Amino acid sequence: MRVFCEDNGNKKSCQGSPMAGPMKSPMASSMAAPMAASIASSPMASRGMSFDTHYYQSLLRGRGLLFADQQLMANERTARLVRAYASDDGSTFRMDFARAMMKISNLNVLTGSQGQVRLECTLPVSS
């Protein structure tokens, strides 16, 4: 993003950024490949494309790839998980991930006209 974003004081301008919308200029398109290569060779991806403890170790060092990723360290509850996931061979994360997938698979999500749109997600689901 540093390639594409100008720092104007504390406000960033990212008109040419792939994150700002579709790339229209040939120059922006030609810059996409080097940017993808840069991300692929970043510390986050240094051990391949797998999601492993290196991801969490990078967060501990303040080197999260995305701002949203790094925000996991802003709250003590999630920071505790980051520390746990960074401290072993990945088995803690894999176990928690498997449990979460099992819980999600048992939700019986309603779709189409059977589902409901929740405008206020903090309120309990009405039956």
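A residue is taken as buried when its relative accessible area is under 20%, and in this predicted model Phe-93 therefore counts as buried, at 17% relative accessibility. Tyr-56 is likewise buried, with a relative accessible area of 7%. A search of the whole structure yields five aromatic pairs. Tyr-56 and Phe-93 form an aromatic pair of the tilted kind, with 5.7 Å from centre to centre and 45 degrees between the planes. Because Tyr-56 belongs to helix α2 (residues 53–60) and Phe-93 to helix α5, the pair ties together parts that are 37 residues apart in sequence. Both residues also belong to one aromatic cluster, which is formed by Tyr-55, Tyr-56, Tyr-85, Phe-93 and Phe-97.

Phe-93 and Tyr-85 appear again in the packing of two helices, since the contact comprises Leu-81, Ala-84 and Tyr-85 of α4 together with Thr-92, Phe-93 and Asp-96 of α5. The axes of α4 (residues 76–86) and α5 (residues 91–105) come within 7 Å and cross at roughly 125 degrees, which means that α4 is oblique to α5. By character, the residues of this contact divide into four nonpolar, one polar and one charged.

Met-73 is located in the loop between α3 (67–70) and α4, and is partly exposed, with a relative accessible area of 26%. When residues up to four places away in sequence are not counted, Met-73 touches Leu-59, Leu-60, Ala-79, Val-82 and Arg-83. For Met-73 and Arg-83, which are ten residues apart along the chain, the C-alpha atoms are separated by 9.2 Å.

Conventions: Residues are numbered from 1 along each chain as its sequence is written. This is a predicted model: local features need pLDDT of at least 70, side-chain atom pairs count only at pLDDT 80 or more; totals for chains, interfaces and linings use all residues. Side-chain values use heavy atoms; hydrogens and water are left out. Axes are lines fitted to C-alpha atoms, for helices over the stretch in contact, and angles run from 0 to 180 degrees between N-to-C directions. Helices (H or I, at least four residues) and strands (E, at least two) are DSSP runs, numbered from the N terminus. Angles under 35 degrees count as roughly parallel, over 145 as roughly antiparallel, 65 to 115 as roughly perpendicular and the rest as oblique. Contact means heavy atoms within 4.5 Å. Ala, Val, Leu, Ile, Met, Phe, Trp, Tyr, Cys and Pro count as nonpolar, Asp, Glu, Lys and Arg as charged, and the others, Gly among them, as polar. Buried means under 20% relative accessible area, exposed over 50%, partly exposed in between (1.4 Å probe, protein chains only). Rings of Phe, Tyr and Trp (its six-membered ring) pair if their centres lie within 6.5 Å; planes under 30 degrees apart count as stacked, over 60 as edge-to-face and the rest as tilted.
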